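Reader: I would like to learn how to read salt bridges and exposure in a structure. Could you walk me through them?

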Amino acid sequence: MAEENKWKPPGDEEDEEEEVDEATYKSAKDAVLFVIEVSPSMLTAPPPTDAKKQERDTPTLAAVKCAYALMQQRIISNPNDMMGVLLYGTEETKFQDEEDARGGLGYPNCYLLTDLDIPAAGDVKALKDLVEDDEESKKLLVPSTEPVSMANVLFCANQIFTTKAPNFTSRRLFIVTDNDDPHAKDKALKSSAAVRAKDLYDLGVIIELFPISKPDHAFDRSRFYDDIIYNASPTDPEAPAPVSGGVAPSLTSDGISLLTSLLSSINSKAVAKRALFSSIPFEIGPGFRISVKGYIIFKRQEPKRSCYVWLEGEKPQIATGVTTQMADDTARTVEKLEIKKAYKFGGEQITFTPEEVSSLRHFGDPGIRIIGFKPLSMLPIWANIRHSTFIYPSEDDYVGSTRVFSALQQKLLKDQKIGIAWFVARKNATPVIAAVLPGAEKLDENGAQIIPPGMWLTPLPFADDIRQNPETNLIRAPEGLIDRMREVVQQLQLPKAMYDPRKYPNPALQWHYRILQAMALEEDLPEKPEDKTVPKYKQIDKRAGPYVIDWGHELHKEYEEWRKDNETTTSVPAKRPAPSGKDDIPDRSKKAKTATPDDGPTDAQMQHAYMKQEHKKMTVSQLKAWLHGKSISVSGKKADLLERVEEFLEQK
């Protein structure tokens, strides 16, 4: 059987037929285990303050709320990710079912609140009951009188990851505690904990610490956790290293909620990075190559179908889809080997083998090759047809790539130049000409990194991608009106004159997931979405209202002056009255006969009017005058004249 290969735009063809090498992608699955300490200090509410947003929850309960909020998000947006919650330091002990069946207490004072698994509605409800039911939380969150060995806690986490998520590439352990030195008087236990942490590191687990500072004591990592937390994982060398003495959620009156701080910090570390392409060669010169990885940093997030749910059974279940090719005439199953691609040419279908199709689309192996350098000023702002790709050095194939990459990036920044490169993202991908832009590191007010240093690949348009701008007859505003508008804009500046998209979530996307969450958890549907993009009209009116009124007055004054200056050209001349004794109706036939070419529009005016379909609004005398100048017949009605005008312009 032959499948006709119909012509499609290059973008659609690439998306449908391009063979993607799945080996170049990191796994998007993520396994996160919360390890939350239960101790008298962690169960102590923060002292009262004068802050408007006073935090009332204890650190332990706030951490459980954080896990609950994160589980709510990921049960919809990332349905294949695993999450679990382990409490340590509790009086009660609970582990996996097989341990309870043997009656053993291999991990005393460790309570597995939610086992590491894909979150179900029951798991979310269990956390919700613990968060909202004070009696349930007081019954469970009882600290133990005996000290807890951190080596035992880490070994418990090791077994959970080994049994529940053995094949996950991204496995993360989140430790929430306010005790910066749990084994201050026992070096043997401290050494044992370091060994268990090394075992987790060898297993590929990334340990992230979320320290809680006390009102009278700042959390000190160097006392214990510098030997526990590793900078990177062998499976993810670019994993973010912990910031020494980083900003910790505080219980003091700093105006930041503990829950918000924890959730924001965990969200920034919870998602594993996914490479668009992994370790492809970057050829700077003939025979001079390094290795780089590519990432999509900015991308429009839209509601998408991540899975199918079957609702006909006793409870909703995730359905597994199977695609089968069927023959139209016999309805039998068609194997993949029976399908051939073909192109209709000359009334016949010319078939192609898979090797021939691959060879037609093969423009070279994946890679980035510099073909020249240009000043940054030569790159216009409009030469951006698709999202840019962020590239970062990798030592996988070429040792020393980081050093060479950094030297090139700094040199391009210093000289304000860009590279022009031939770019093939992956096997059988359509090649593009891209600009290699150097990017400097950007930090926020707290010193946290917003944009990492590196380089960006910006696809450049070909000649066919560039369209001519439409003709416009705009009038430039006078300087006085511009000055008035400048005052209005100055009153509407954002804090620090900087737009932070993280503060304005997409309301349509959040509403979509909120409805799905309510349906999955059998909750009441919300009445209306929370939209932070709605302008604050009262504040805008208070700040800029008087300036806007002044601008309106200035606009009216400038318009009156412009109208007086242009009145002779814009106003229609009044008709002269007919001489006395004659009919008031003018003799149109005589006027048409005496019309000269000077009375009609010019060729440029007629061409412009024809392009905008405004020639149909012209009078008969104007059309006859223009046709007379072209030695074309002027007889007939207006429709005949328009037809002759259009024929002449189309032939031209």
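Author: Happy to. Let's start with helices: helices (H or I, at least four residues) and strands (E, at least two) are DSSP runs, numbered from the N terminus. This is a predicted model, where local features need pLDDT of at least 70 and side-chain atom pairs count only at pLDDT 80 or more, while totals for chains, interfaces and linings use all residues. Residues are numbered from 1 along each chain as its sequence is written, and side-chain values use heavy atoms, with hydrogens and water left out.

Reader: Thanks! How many salt bridges does the structure hold?

Author: A salt bridge is a side-chain nitrogen of Lys or Arg within 4 Å of a carboxyl oxygen of Asp or Glu. The structure holds 15 of them. One of them joins the side chains of Lys198 and Asp202, at 2.9 Å from N to O.

Reader: How are Lys198 and Asp202 placed in helix α7?

Author: About one helical turn separates Lys198 and Asp202, because they are four residues apart in helix α7. For exposure, buried means under 20% relative accessible area, exposed over 50%, and partly exposed in between (1.4 Å probe, protein chains only). Lys198 counts as partly exposed at 33%, and Asp202 is also partly exposed, at 49%. Elsewhere, salt bridges that share partners join Asp180, Asp181, Lys190 and Arg223 into one network.

Reader: Let's look at Asp181 in that network. Is Asp181 buried or exposed?

Author: Asp181 counts as buried, with 13% relative accessibility. Its side chain meets that of Lys190 in a salt bridge of 3.8 Å, N to O, and Lys190 is partly exposed at 22%. Arg223, partly exposed at 36%, also forms a salt bridge with Asp181, at 3.8 Å from N to O. This last pair links distant parts of the chain, 42 residues apart: Arg223 sits in the loop between β6 (205-211) and α8 (258-270), and Asp181 in the loop between β5 (170-177) and α7 (187-203).

Reader: And contacts? With which residues is Tyr499 in contact?

Author: Contact means heavy atoms within 4.5 Å. Leaving aside neighbours within four places in sequence, Tyr499 is in contact with Leu494 and Tyr504. Tyr499 lies in the loop between α11 (479-491) and α12 (507-520) and is exposed, at 53% relative accessible area.

Reader: Where does UniProt place the SAP domain?

Author: UniProt positions are given in the numbering used here, feature names are shortened, and annotations may be inferred rather than shown by experiment. The unreviewed UniProt entry puts "domain: SAP" at residues 615-649. That span is 63% helix and 0% strand, and its end C-alpha atoms lie 11 Å apart.
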